[in-house]
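Colleague: Pick one part of this model and take a close look at it with me. What does it touch, and how does it fit into the rest of the chain?

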Amino acid sequence: MTSNEANLTDGPACGSGCGPLTPDQIRVMRDHGTERPGSSPLNHEKRAGLYRCAACGTPLFRSEAKYDSGSGWPSYYDVLPHAVESHTDTSHGMVRTEIHCASCQGHLGHLFPDGPRPTGLRYCINGLALNFVPDAA
């Protein structure tokens with residue numbers, strides 16, 4: 001296990017959702033990378049359920065807040081309370097709000113002020129940073 005994997009999977013909230021991360025997940029979650037738009041199977045996920053941090057298992061989003069933003073990444077208009085933290089990202093010649101897991105600090109994606117009602121927010125999230133857990137039938 002690399003130090004990046006240890007930092008992401010041995011956090012305080014690491015529970016049953018934890019597991020080893022793939023090299024692509026490490027690139028996104030620890031090195032602040034971005035997956036290709038349209039590449040995540042979660043773009044097409046329509047079932048009711050919970051989206052958890054792929055590194056530590058912390059619940060982040062409910063399926064009810066998911067919508068198709070047309071951006072190519074899974075998008076949500078709301079987050080579960082205290083699930084994420086943010087900071088200003090000035091990389092790539094622009095100013096954006098970066099979102100990371102409040103429990104393990106893994107990079108999730110970015111927050112934009114162009115989402116739908118009721119929040120007007122778009123949490124644009126790398127699918128590699130999420131694990132989807134469907135609701136029990």
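Modeller: Start at Tyr123. Leave aside its neighbours within four places in sequence. Tyr123 is then in contact with Phe61, Pro74, Ser75, Tyr76, Tyr77, Asp78, Val79, Val84, Ile99, His110 and Leu111. Keep in mind that this is a predicted model.

Now place those contacts in the core. The largest nonpolar core has 26 residues. Tyr123 is one of the four that touch the most other members, along with Leu60, Phe61 and Leu108. Several elements supply at least two residues each: helix H2 (23-29) and the strands E1 (49-53), E2 (59-62), E6, E7, E8 (122-125) and E9 (130-134). H2 gives the most, with three residues. There is a general pattern behind such a core: in soluble globular proteins, nonpolar side chains tend to be buried together.

Next, the sheet. Six strands form an open sheet in the order E3-E4-E8-E7-E6-E5, with antiparallel pairing. E3 (66-67) and E5 are the edge strands, and each pairs on one side only. Walk in from the E3 edge. E3 runs antiparallel to E4 (residues 75-76), and two bridges join them. Look for Tyr67: its bridge partner in E4 is Ser75. You have met Ser75 already, as a contact of Tyr123.

Now come in from the other edge. E5 (residues 84-89) and E6 (residues 96-101) run antiparallel, with six bridges between them. Here Glu85 has His100 as its bridge partner in E6. The two strands make a hairpin with six residues between them. In that hairpin, His92 takes a positive phi near 60 degrees.

E6 also pairs with E7 (residues 107-112), again in the antiparallel sense, over four bridges. On this side, His100 has His107 as its bridge partner. So follow His100 in the display: Glu85 is its partner in one direction, and His107 in the other. E6 and E7 form a hairpin too, with five residues between them. Gln105 sits in that turn, with a positive phi of about 70 degrees.

How covered is E6? Five of its six residues are buried. In general, side chains in a regular strand alternate between the two faces of the sheet.

One more stop, away from those strands. Glu45 lies in the loop between H2 and E1. Is it buried or exposed? Glu45 has a relative accessible area of 15%, and buried means under 20%, so Glu45 counts as buried. Its side chain makes a polar contact of 2.7 Å with the side chain of Arg47. Beyond residues up to four places away in sequence, Glu45 touches Tyr51, Lys66 and Phe132.

Finally, step back to the whole chain. There are two helices and nine strands. From the N terminus on, the elements run α-α-β-β-β-β-β-β-β-β-β. Of the 137 residues, 43% are buried. Take the contacts between residues at least 6 apart in sequence: 53% of them join residues at least 24 apart. Tyr123 and Phe61 are one pair in contact. The accessible surface comes to about 7100 Å², and 53% of that belongs to carbon and sulfur atoms.

Definitions and conventions:
Residues are numbered from 1 along each chain as its sequence is written. This is a predicted model: local features need pLDDT of at least 70, side-chain atom pairs count only at pLDDT 80 or more; totals for chains, interfaces and linings use all residues. Side-chain values use heavy atoms; hydrogens and water are left out. Buried means under 20% relative accessible area, exposed over 50%, partly exposed in between (1.4 Å probe, protein chains only). Two strands pair if DSSP finds at least two bridges between them. Contact means heavy atoms within 4.5 Å. Accessible areas come from the Shrake-Rupley method with a 1.4 Å probe; for residues, only the protein chains shown count as cover. A nonpolar core is a set of buried Ala, Val, Leu, Ile, Met, Phe, Trp, Tyr and Cys residues joined through side-chain atoms within 4.5 Å. A polar contact is a pair of N or O atoms within 3.5 Å; within protein, one must be able to donate a hydrogen and the other to accept it, and residues adjacent in sequence count only if both atoms are side-chain atoms.
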